[in-house]
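Visitor: I would like a close look at one part of this model. Please take me through the salt bridges, and then set them against the core.

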Amino acid sequence: MRNFFFRLYDLSCKQICLSVFFIAILLTGCSGSSSSGSTVSAAFAGVYEGPTDVVVEGVGLGTASDRFPMRIVVGVDGTVAGLSPGSSADSSCDGEGEIRQGDNALFVSGNYTCRDPYLGVCSVPAEFNIAFNSAAASIMGTATYNCSVGVFRAQFVGYLPKVS
């Protein structure tokens, strides 16, 4: 069963983790509580790049971890967008969350529904925080994936220096 978990992790957990992160942080403002998108103070305009570590635990099956390259862009109007260069996903997520925006941070909590060819349908409560300063952005978050094939928990931690 443990090998099954690690195979699932390689096939789908990585992609679904990224999908939930992006729907929560970067799209909630557009589809959820705000029509203007996720924003922070325009003083933080720039490109932030660096690794984000994700640790996934399959309940009763062990843990797996990975590091993803992450790029977050804050536009001159403060709009936040992001991507993980070189990643692709067969999974898709949708849902709405509550977003709280501060001058230098985004706080999101919500419930999302994800569909994946290997994990099936997953109900995912998640919470994320991105904080910005003049030199870097930090990412912290947690999500629980209640999927057709089992339950997975993920923790996200990232430090992204400002590169331009």
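Guide: What follows starts with the whole chain, moves to the charged pairs, and ends in the interior.

The model is predicted. The protein chain has 1 helix and 8 strands. Along the sequence they run α-β-β-β-β-β-β-β-β. Of its 164 residues, 44% count as buried. The accessible surface comes to about 7,600 Å², and carbon and sulfur atoms hold 52% of it. Take the contacts with a separation of 6 or more: 60% of them join residues 24 or more positions apart.

Now the charged pairs. The structure holds 3 salt bridges. Start with glutamate 49 and arginine 71, whose side chains meet at 2.4 Å, N to O. Glutamate 49 sits in strand S1 and arginine 71 in strand S2, so this pair ties together parts 22 residues apart in sequence. Glutamate 49 is partly exposed because its relative accessibility is 29%. Arginine 71 has 28%, so it also counts as partly exposed.

The next bridge joins arginine 67 to aspartate 53, with the closest N and O atoms 2.7 Å apart. Arginine 67 belongs to strand S2 and aspartate 53 to strand S1, so the pair links parts 14 residues apart in sequence. Arginine 67 counts as exposed because its relative accessibility is 51%, and the cut-off for exposed is over 50%. Aspartate 53 is partly exposed, with a relative accessible area of 28%.

The remaining bridge is aspartate 94 with arginine 115. Here the closest N and O atoms are 3.4 Å apart. Aspartate 94 lies in strand S4 and arginine 115 in strand S5, so parts 21 residues apart in sequence are tied together. Aspartate 94 is partly exposed at 36% relative accessible area. Arginine 115 is partly exposed at 37%.

Arginine 115 leads to another acid. Aspartate 116 is also placed in strand S5. Aspartate 116 is buried but has no salt bridge. Arginine 115 carries the nearest side chain of opposite charge, and it is 11 Å away. What does the side chain of aspartate 116 reach? It reaches the backbone nitrogen of leucine 119, at 2.9 Å.

Now the interior. In soluble globular proteins, nonpolar side chains tend to be buried together. The largest nonpolar core here has 35 residues. Val20, Ile72, Val124, Phe132, Tyr145 and Phe156 touch the most other members. Helix H1 (2–31) supplies at least two residues of this core. So does each of strands S1 (46–58), S2 (62–74), S4 (92–101), S5 (105–116), S6 (120–132), S7 (136–147) and S8 (150–161). S6 gives the largest share, 6 residues.

Look closer at isoleucine 72. Beyond its neighbours within four places in sequence, isoleucine 72 is in contact with Gly46, Val47, Tyr48, Val80, Ala81, Gly82, Ile130, Phe132, Ile139 and Leu160. Among these, Phe132 is one of the core residues that touch the most other members.

Val80 also deserves a stop. Valine 80 is in strand S3, residues 80–83. Valine 80 counts as buried because its relative accessibility is 4%, and the cut-off for buried is under 20%. Valine 80 and alanine 42 are 38 residues apart in sequence, and their C-alpha atoms are 9.9 Å apart in space.

Conventions: Residues numbered from 1 in each chain as written. Predicted model: local features only at pLDDT ≥ 70, side-chain atom pairs only at ≥ 80, totals over all residues. Heavy atoms only, no water. Core = buried A, V, L, I, M, F, W, Y, C linked by side-chain atoms within 4.5 Å. Buried < 20%, exposed > 50% of the residue type's maximum accessible area, 1.4 Å probe, protein only. Helix = DSSP H or I, 4+ residues; strand = E, 2+ residues; numbered from the N terminus. Contact = heavy atoms within 4.5 Å. Lys, Arg positive; Asp, Glu negative; His and termini not counted. Salt bridge = Lys/Arg side-chain N within 4 Å of Asp/Glu carboxyl O. Polar contact = N/O pair within 3.5 Å; in protein donor to acceptor, adjacent residues only side chain to side chain. Areas by Shrake-Rupley, 256 points an atom, 1.4 Å probe, with all protein chains shown as cover.
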